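Student: Could you take me on a close look at one part of this protein? I would like to see how a helix sits among its neighbours, and what the loops around it are doing.

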Amino acid sequence: MTTRILFVCLGNICRSPTAEGVFRGLAAKVGADLVIDSAGTSGWHNGELPDRRSMAEAKRRGYDLSQQRSRKLTAQDFFDFDLILGMDNSNVRNIAAIRPSGALTPVRLFLDYAPGQPLREVPDPYYEDNFEGVFDLIETASQGLLADLAD
Ligand code: 4NP
């Protein structure tokens, strides 16, 4: 059965589009049957490409984010996805705030799948400019998530 996974951050231009593109690239390598998407809780950047710094770091690492466009998280996403992963605790709170009644989709922190390092949240690189560190974290958590799904 296809598993449908949605990555969520605030703007859907830095962290969650990176998670979408990295996870899609790694899943394709192992032939995993997955639906993968991303969204933002804010809607501030609707229709925009990922941040150029995310696109550049992605390209350096062999991922392509150029087909992705920012969109806002909706209540319907709870019915369209099997697992929703927030990048930080505020994302998880904002996702939970729009959960429709009757929707049982789990919402978790993405870094739950990267237990071997001290961070629990993916730091926001928009102002910090720490794109390399964010990519390292996202690659580690993506490998952990793929391993979990293969169990
Ligand atoms: P993201 O980063 O949530 O990882 O996409 C941000 C992007 C834009 C803004 C904040 C965070 N912003 O304030 O516009």
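Tutor: Here is a walk around one helix, the helices beside it and a few residues in the loops.

Please keep in mind that this is a predicted model. Let's begin with helix H6, which covers residues 131-150. One of its partners is helix H1, made of residues 15-30. The two pack with their axes 9 Å apart, at an angle of about 45°. That angle makes H1 oblique to H6. As for handedness, the crossing of H1 past H6 is right-handed.

Now look at who meets whom. From H1 come Arg-15, Thr-18, Ala-19, Val-22, Phe-23, Leu-26, Ala-27 and Val-30. Facing them from H6 are Val-134, Phe-135, Ile-138, Glu-139, Ser-142, Gln-143, Leu-145, Leu-146 and Leu-149. Sorted by character, the residues in this contact of H1 with H6 are twelve nonpolar, three polar and two charged.

H6 also meets helix H2, residues 52-60. Here the axes come within 10 Å and cross at roughly 60°. Angles from 65 to 115 degrees would count as roughly perpendicular and those under 35 as roughly parallel, and H2 and H6 are therefore oblique to each other. This crossing, too, is right-handed. On the H2 side the contact is made by Arg-53, Ser-54, Glu-57 and Ala-58, and on the H6 side by Phe-131, Glu-132 and Phe-135. The residues of this contact divide into three nonpolar, one polar and three charged. You may have spotted Phe-135 twice: it takes part in the contact with H1 and in the contact with H2.

Next, move to the ends of H6. Asp-129 is in the loop between helix H5 (125-128) and H6. Its relative accessibility is 48%, so it counts as partly exposed. The backbone of Asp-129 deserves a look as well, with phi near 65°, a positive value in a residue that is not glycine. Most residues other than glycine have a negative phi. In the segment after H6 you will find Asp-151. With a relative accessibility of 81%, Asp-151 is exposed. To see how far apart two places can be, compare Asp-151 with Arg-52: they are 99 residues apart along the chain, and their C-alpha atoms are separated by 35 Å.

Let's go back to H1 and the loop leading into it. Asn-12 belongs to the loop between strand S1 (3-9) and H1. Like Asp-129, Asn-12 has a positive phi, in this case near 55°. Asn-12 is buried, because its relative accessible area is 3%. The side chain of Asn-12 is joined to that of Ser-16 by a polar contact of 2.9 Å. Ser-16 itself lies in H1, and at 0% relative accessibility it counts as buried. Beyond its neighbours within four places in sequence, Ser-16 is in contact with Phe-7, Val-8, Cys-9, Ser-38, Ala-39 and Met-87.

Another residue brings us back to H1 from a different loop. Asp-88 is found between strand S3 (83-86) and helix H4 (89-96). It is buried, with a relative accessible area of 12%. Its side chain makes a polar contact of 2.9 Å with the side chain of Ser-90. Setting aside neighbours within four places in sequence, Asp-88 is in contact with Arg-15, Leu-109, Glu-121 and Val-122. Arg-15 is a name you already know, as one of the H1 residues that meet H6.

Our last stop is Thr-105, in the loop between H4 and strand S4 (107-109). At 7% relative accessibility, this threonine is buried. Not counting residues up to four places away in sequence, Thr-105 touches Phe-78, Phe-81, Asp-82, Leu-83, Ile-84 and Arg-99. With Phe-78 there is a further detail: a polar atom of the Thr-105 side chain lies 2.5 Å from the backbone oxygen of Phe-78. For a link back to where we started, take Glu-132, one of the H6 residues in the contact with H2. The C-alpha atoms of Thr-105 and Glu-132 are separated by 31 Å, with their positions 27 residues apart along the chain.

Key:
Residues numbered from 1 in each chain as written. Predicted model: local features only at pLDDT ≥ 70, side-chain atom pairs only at ≥ 80, totals over all residues. Heavy atoms only, no water. Axes fitted to C-alpha atoms, helices over the stretch in contact; angles between N-to-C directions. Helix = DSSP H or I, 4+ residues; strand = E, 2+ residues; numbered from the N terminus. Parallel < 35°, antiparallel > 145°, perpendicular 65-115°, else oblique. Left-handed = near helix turned anticlockwise from the far one by under 90°. Contact = heavy atoms within 4.5 Å. Nonpolar A, V, L, I, M, F, W, Y, C, P; charged D, E, K, R; others polar. Buried < 20%, exposed > 50% of the residue type's maximum accessible area, 1.4 Å probe, protein only. Polar contact = N/O pair within 3.5 Å; in protein donor to acceptor, adjacent residues only side chain to side chain.
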